[in-house]
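Colleague: Could you take me through one part of this model in some detail? I would love a close look at the core and the elements packed around it.

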Amino acid sequence: MIVGTGGIAHAHAEALTSLGSSRVQLVGAVDVDAGRAEEFAKKWEIPQAATALADVLADGVDLVHVCTPPGSHVELATQALEAGATVVVEKPIAVSLASVDELLAAEASSSGSVAVVSQHRFGSGARKLRGIVESGSFGRPLIATCHTQWYRDAAYFTVPWRGSFEIEGGGPTMGHGIHQMDLLLATLGEWDQVTAVAARTSRDTDTEDVSMALVTFDSGVLASVVNSVVSPRQTSTLRFDFENATVDLEHLYGYTDDDFTVTAAPGFEDEVAAAWSKGPTGQPSNHLAQLSAVLDGLDAGTTPPVPLRTARATLELVAAIYKSAFLARPVHRGEITPQDPFASRMNGTGAPWSGS
């Protein structure tokens, strides 16, 4: 079942449909707009359309996909967990760390579990890169860059829930760059400290439209992170500089193997080429890759990837960027405790430009 039938829901429906009816069957479409739910159900040949999740859960559902605005994710996922279903939730998973912790508690008391959409982790290029890091075949990673530079005009923000800390959770740091930052963490492991700035440069929103951060990892790797929705030449880029090679990834909303470029340090050409030639190939980063893995987990009786607690680590980095930017000081991992204002809302004590 798919809850929320906006743009991203079609990516879920397309992926699930392509997996075949012998593996998964779409049984319901839910949206607060009845007409939109019915249109979506007709397009994807789904037998039931409804305006309330409870109406479809009553019939018994194994898997629920939550594709609504971020502010409603936790409530809907909790309903599905209470019915014993496994839940796939779009990013950002929630508008605050406190909300994620509520969902973790609901998951702990349910027979179901929560997987968070993190499709960039599942492309073959990213899996190969992670193997390079684990094997050390390119030497130690030293520095990295993670830039999400997109363009969203003023009309984009006329949708009521966009540009809102309460409903969207934040600006590009939260809603746009989170997938690239998730891949950064999946590649380099746990972060230790972040120093950040954020600004509202030109968009009429409550949130930032640009943020920049310097992240220090437990391993000692330094990474620069840029998140923007005011960049006319749109691009998503990741760069990892190892002792013996550089790996560049440039794409926009999803990558293939061809979007990776590997450059060897002088004298390491043969060694680097041999290492990169090994490992998985041919899988783009898309919903199909992750949702197939989710079904594999369910078939095997294991927790589907990416589990809720793993996704929380990415959201903690987002919260730390906001706290660092708004308080003008470094923030360490683990510093945002349940009593911290930045645990209950991403703008914590208030964005400096709004006084909210």
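Modeller: Happy to; here is a walk from the core to a helix pair and then to the neighbouring strands. This is a predicted model, in which local features need pLDDT of at least 70, side-chain atom pairs count only at pLDDT 80 or more, and totals for chains, interfaces and linings use all residues. Residues are numbered from 1 along each chain as its sequence is written, and side-chain values use heavy atoms, with hydrogens and water left out.

Let us start inside. A nonpolar core here is a set of buried Ala, Val, Leu, Ile, Met, Phe, Trp, Tyr and Cys residues joined through side-chain atoms within 4.5 Å, where buried means under 20% relative accessible area, exposed over 50% and partly exposed in between, with a 1.4 Å probe and protein chains only. The largest such core has 79 residues, and Val64, Ile93, Val114, Phe138, Leu184, Val194 and Phe217 have the most contacts inside it. Helix H11 (residues 308-327) gives this core its largest share, eleven residues. Apart from it lies another core of 21 residues, with Val24, Leu26, Phe40 and Trp44 among them. Helices (H or I, at least four residues) and strands (E, at least two) are DSSP runs, numbered from the N terminus.

H11 also packs against helix H8 (residues 178-188), at an angle of about 115° and with the axes 9 Å apart. Those axes are lines fitted to C-alpha atoms, for helices over the stretch in contact, and angles run from 0 to 180 degrees between N-to-C directions. On the H8 side, Ile178, Met181, Asp182 and Leu185 meet Ala313, Thr314, Leu315, Leu317, Val318 and Ile321 of H11; contact means heavy atoms within 4.5 Å. By class, eight nonpolar residues, one polar and one charged make up this contact.

Leu184 leads us on to the strands: leaving aside residues up to four places away in sequence, Leu184 touches Ala144, Cys146, Phe217, Ala223, Val225, Leu238 and Phe240. Two strands pair if DSSP finds at least two bridges between them. Strand E9 (residues 210-217) runs antiparallel to E8 (residues 191-199), joined by eight bridges, and Phe217 in E9 is the bridge partner of Trp191. Seven bridges join E9 to E10 (residues 222-228), again antiparallel, with Val215 partnered by Ala223 in E10. E9 and E10 form a hairpin with four residues between them, and Gly220 in the turn has a positive phi of about 100°.

Technical notes:
Ala, Val, Leu, Ile, Met, Phe, Trp, Tyr, Cys and Pro count as nonpolar, Asp, Glu, Lys and Arg as charged, and the others, Gly among them, as polar.
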